[in-house]
There are 2 protein chains.
Amino acid sequence: MKKFEENIRRVEPYVPGEQPAGSNIIKLNTNESPFAPSTMVQMAIASMMPEDLRKYPDPEAKALVKEIASYYDVDESKVFVGVGSDDILGMSFLTFFNSDKPVLFPDITYSFYDVWAELYGIKYEKIPLTDEFEIDPKKYKKENGGIVFANPNAPTGIALPKAQVEEIIAANPDSVVIVDEAYIDFGGETVLDLIDKYENLLVVRTFSKSRALAGMRVGYAFGSETLINALKDVKFSYNSYTLNVAAIRGAKAAIKDDEYFRNLVDEITKTREETKMTLKKMGFDVLPSATNFLFAKHESMDAKDIYEKLKEKDIYIRYFDKPRIDNYIRITIGTKEQMNALVMALEDIIK
Amino acid sequence: MKKFEENIRRVEPYVPGEQPAGSNIIKLNTNESPFAPSTMVQMAIASMMPEDLRKYPDPEAKALVKEIASYYDVDESKVFVGVGSDDILGMSFLTFFNSDKPVLFPDITYSFYDVWAELYGIKYEKIPLTDEFEIDPKKYKKENGGIVFANPNAPTGIALPKAQVEEIIAANPDSVVIVDEAYIDFGGETVLDLIDKYENLLVVRTFSKSRALAGMRVGYAFGSETLINALKDVKFSYNSYTLNVAAIRGAKAAIKDDEYFRNLVDEITKTREETKMTLKKMGFDVLPSATNFLFAKHESMDAKDIYEKLKEKDIYIRYFDKPRIDNYIRITIGTKEQMNALVMALEDIIK
């Protein structure tokens, strides 16, 4: 190792789900929407003017912030936007978790949390989910330097009732509590209305799932002015202009077409419940999902085997080779046709 | 202050140039291109498919990396891309500057460098430019934890000859040396060809200036595989997908239309030299510029006064209220018509 390499930060990066190319592939591995966004989104992007491309975007993305604030009936000063919810979560770790005490999050949850903690050298402690893969609020009543969890949780899909989420927030007035609501539109109860009651609560959301805009990279968050202003200061200490003009326009249009959004979510949740019933009949134990994916294990066949055999048939699902969940598969809800193809493939594999 | 606020990172953010709205405004304050990007860029963005929007972008933005690598005749493994050069520079501070020794950069340079150092708690030392506002390589031959400077430098516009840039790199084999070439296309000598000779050299560029794509937020960097891989690890520890599909497509198209790019740069450098001569006749001392802006002071009139009086006339330039340069103004080179309007306004103000 050369001397200059000694000062290079060494990290173990997060591994995103594969992004295979090819039109025959059925991609059920990264929880994207199987439906394209509203045509209004494409129109908004395609109608950009040359002026919009040559000039820097609005550093605060006010047009989008305003649209989000109005839709969710929240003051604009309590809204923050970023390059996907990952950008906001990563920035939040840097901004809010500067204590000597450990940050708490579930042992089974979004696997980026420990990556961010490692990146910034933040101490953390993983709190085990119950045997039923549920978050137990009682376990979050100990000294900590911050709390973060996904609700509904990933990759389990299980939602924690609002009263219990509030129990965790209320028990921790001295820490920032981040509730990652990436999947909230597909089920579960939001705690958005609690941001006025708890100044230490940050609610993080994304356009990548229910808003069908993963390709544009837009996330948003709600919190007290104290939290949002601190996030803004860090954002403006890192990169003045993060969301580009296409992202701002596209996301704004996605919010505007509310009917399209509601139909899309309805369709996906319906397909989810149908798929769940079918999988159960095939011998799967399927966890209750409030998301756009199912987390399941089979009574006789090995999860990794199923994952690999589906891949051979050009069907991509997600498998995590991690303690407690290494016999589960995560299946993103696709179109009805994609789910039928999945079921047919599974029938072929499992016999 | 509530207890949870004690663990919030406190930073003094970078203040970007104003982004005034309104069609009558002449905006010469953020070094954007006065010309729109090639129509190929807009076509590439407008032709995106619904599939591109609903699916995550390629996390490595390979299509764009490939285009850049081919254009600059560099191996793909030596290219990195990000959300503007700010994203890459900020990430580079986090990745490469982890020493107890101070990072060195000029006292007068891109004012984001000390903001990033403060954000990540990195020690730094500002090395004074000479009285002629030039970088003196001799002063960079001392113990350090890294070096970063802009060449051509901002806001001075002055380029350091290649031999002297190499002198700094060669003298510092134990540190990562970052050369920020945001303005290199308008003049100055690149050190791109030195990345094979010096494994500790990172060259950072942007699409925001000469490529007329500030609105899309794309930056790129060249370096040894050691440096690029370290940057990739940190990038994938922060956000898997940073460049959205529109940015990847738009930037790729911008590289492809080389003739447009060359004409645009020619036009701007010609206008720069003409404007410089005119300003000199009006009593301005104008520094030699190898960029798309001029840095100048007037023989009798106060810089801040000029800045404010131009603003009253809807002409925005940049004024930095900082030691050594508080009597200078920075003027972005616009179209010939915009420069004529500027000169007329100045004639009106200065008398």
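By what turn and what shift along the axis can chain B be laid on chain A? The legends below begin with that view. The model is predicted: local features need pLDDT of at least 70, side-chain atom pairs count only at pLDDT 80 or more, and totals for chains, interfaces and linings use all residues. Residues are numbered from 1 along each chain as its sequence is written, and side-chain values use heavy atoms, with hydrogens and water left out.

**View 1. The two copies and their axis.** A turn of 180° and a shift of 0.0 Å along the axis lay chain B on chain A with an RMSD of 0.0 Å (least squares on the C-alpha atoms of residues with pLDDT of at least 70 in both). The two copies are thus related as by a two-fold rotation axis. In chain B, B:Ala46 has the C-alpha nearest the axis, 2.1 Å from it. Both copies use the same surface: 100% of the contact residues of chain B recur in chain A (contact means heavy atoms within 4.5 Å).

**View 2. The fold of chain A.** Here you can trace eleven helices and 13 strands (DSSP runs: H or I of at least four residues for helices, E of at least two for strands). The radius of gyration, 21 Å, is close to the 20 Å that the globule rule gives for 351 residues, so chain A is as compact as a globular protein of that length (taken over C-alpha atoms; the rule is 2.2 Å times the number of residues to the power 0.38).

**View 3. Inside chain A.** Of its 351 residues, 64% are buried (under 20% relative accessible area, 1.4 Å probe, protein chains only).

Notes
Chains are lettered from A and ligands numbered from 1 in the order in which they are written. Buried means under 20% relative accessible area, exposed over 50%, partly exposed in between (1.4 Å probe, protein chains only).
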